[in-house]
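Dear colleague,

I am handing over the structure we spoke about, and I would be grateful if you could look through it with the notes below beside you.

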Amino acid sequence: MEISEATCRRLLIALYMSRSFFSASSALLLDRIFRAGMGLLVSIAIARHYGPAEFGQLSYVLLAASLFGALATLGLDEIGPRDMAAMHADHPSRADMLQTILRIRLFGGLTAYILLLGFIYLDAGTGSIWWIAIILGLYLPLQSADAYDYCFRVEKKFNYIACTRSISALISSALKMVAILLGWPIYAIAGAMTGEYAFSGAIFTFLNKSKLKISGKFNSLYAVQLIRRSWKIMLAGIVVAFQVRVEYYLIEKYLGWDSVGQYAAALKIFETLDVIPIIFTVVLMPELAIYIRSGVKQKFAESYQGSYLAGILIYLFMIPIMLVIIWIFPIAFGDKYIAAQELLPFLLIRPLLVMISVIRGVFVVLDHRYFYPIVSSMLGLIVTIVIASMLIPLYGLYGAIAANLLGLFSSTILCDLFFYRESSYALFTCWKQFGAVIGRLVLTSANRQ
């Protein structure tokens, strides 16, 4: 089959960005794989040692914290790197951006921590889960140091990010294993989890002072600009968190803590694979911001198609990994988690829906559709609540899985069909980019030889 020159030319820039992604993200990929693998092993040890009930309580606090996580980040994980990469004329210096983001994220984190404690108190009182929340929730304000991550991404210092995350995770995991071996209570695990963010914040601060040497000041005008642009993303993040976690609340009310632990164990396995689309967006965002600012915005549709195609291909490569995970699960978690094992085959489609969601999220921000995530997330939340309320009392954890998947489907593919046709078109026509990409890869390989 002959590939036209025009077709190849349309994808030259998209292909360049794809090659840049794989090159630039290699350190992040290794870090994510290392942390995901280590985190999974430690989570298995925690689940086996403390049992489904206590593991369920710990997971419940984590999901409750994620409900307010968007408030802690203030939606700046998308806007911050884009602003630092694009450097618009009406924005302050990168150093001032960093200091401004650091301070407003600290404020957001403290607010989220207070709200988390209030939520747990009203829902569960002042028992053991309350003390888990007090210790674990401290990671919300500590996350403000992730603002340094934005600078390192834009400066392409991905090794700094990878080493910082890996070292912090290694120390935290070691502390968790010590707690398990010495038989310490679950609160020690919560403290080790919070410690990971404290370690990474300290290392990021040190690297900034010793390597980048970026020193700026708080810019109130830019802070107001950020809040005005990010509140929709922040609100959408909160709605998304409710959408993908609301079934935990209903499981606890209808089935109890043991079932929460079973469900958390099943999802934990597949959530480990979410690192792949996360890496994709971490590197894709600043690259696309520069690409669009360079005056080739007419190629936006081709970039959209190429990104979806890459995401689908990555998902196909993930399928054998997921099958191995399902096979290993009963060996890893043991007989206490038989109920969780039966849920795994139904989750095979989840990584594809997550991949589509995060890719669309990048282009939603770049296309300045800040209100759209609220619309899509609200639709997904409504579907999840309705389905979960109907099916969990009847079918238990199977009903929770159905609600989770149908909510993700509604917030991505279904919502796009009605309200974001550009995304639907890019998804359903992404195959058009396949021939050009393969042709260019063949040409590149021949030139190297």
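What follows is an account of what was found, going from the whole chain to single residues.

Please keep in mind throughout that this is a predicted model. The secondary structure of the chain consists of 21 helices and 0 strands. Of the 449 residues in the chain, 56% are buried, and among the contacts with a separation of 6 or more, 85% are accounted for by residues 24 or more positions apart.

One pair of helices deserves a description of its own. Helix H3, which covers residues 26-67, packs with helix H12, residues 220-255, at an angle of about 150°, and the two axes are 8 Å apart. Angles over 145 degrees count as roughly antiparallel, and H3 and H12 are therefore roughly antiparallel to each other. Their crossing is left-handed. On the H3 side the contact is made by Tyr60, Leu63, Ser66 and Leu67, while H12 brings Ile238, Ala241, Phe242, Arg245, Tyr248, Tyr249 and Glu252. Sorted by character, the residues of this contact of H3 with H12 comprise 8 nonpolar, 1 polar and 2 charged.

The aromatic side chains come next. With ring centres required to lie within 6.5 Å, the count comes to 12 aromatic pairs. One of them joins Phe68 and Phe119 in an edge-to-face arrangement, with 6.2 Å from centre to centre and 70° between the planes. This pair links distant parts of the chain, since Phe68 sits in the loop between H3 and helix H4 (69-73), whereas Phe119 belongs to helix H6 (residues 94-124), and the two are 51 residues apart. Phe68 is buried, at a relative accessible area of 13%, but Phe119, at 24% relative accessibility, counts as partly exposed.

Another pair is formed by Phe418 and Phe419, whose rings are tilted, with 6.3 Å between the centres and 45° between the planes. Here Phe418 is exposed, with a relative accessible area of 57%, and Phe419 is also exposed, with a value of 51%; the cut-off for calling a residue exposed is over 50%. In addition, Phe152, Tyr160 and Phe204 form one aromatic cluster.

Two residues of helix H10 were looked at singly. Ala162 is found in this helix, which covers residues 158-181, and at 7% relative accessibility Ala162 counts as buried. Apart from neighbours within four places in sequence, Ala162 is in contact with Ala27, Leu28 and Asp31. Ala162 and Phe34 are 128 residues apart in sequence, yet their C-alpha atoms are 9.8 Å apart in space.

Thr164 also lies in helix H10, and with 1% relative accessibility Thr164 counts as buried. Once neighbours within four places in sequence are left aside, the contacts of Thr164 are with Ser200, Ile203, Phe204 and Leu207. Phe204 thus appears in two places in these notes, as a contact of Thr164 and as a member of the aromatic cluster with Phe152 and Tyr160.

If you open the model with one item in mind, I would suggest beginning with the contact between H3 and H12, made by Tyr60 and Ile238 among others, and then going on to the pair of Phe68 and Phe119.

With best wishes

Key
Residues numbered from 1 in each chain as written. Predicted model: local features only at pLDDT ≥ 70, side-chain atom pairs only at ≥ 80, totals over all residues. Heavy atoms only, no water. Axes fitted to C-alpha atoms, helices over the stretch in contact; angles between N-to-C directions. Helix = DSSP H or I, 4+ residues; strand = E, 2+ residues; numbered from the N terminus. Parallel < 35°, antiparallel > 145°, perpendicular 65-115°, else oblique. Left-handed = near helix turned anticlockwise from the far one by under 90°. Contact = heavy atoms within 4.5 Å. Nonpolar A, V, L, I, M, F, W, Y, C, P; charged D, E, K, R; others polar. Phe/Tyr/Trp six-rings, centres within 6.5 Å; stacked < 30°, edge-to-face > 60°. Buried < 20%, exposed > 50% of the residue type's maximum accessible area, 1.4 Å probe, protein only.
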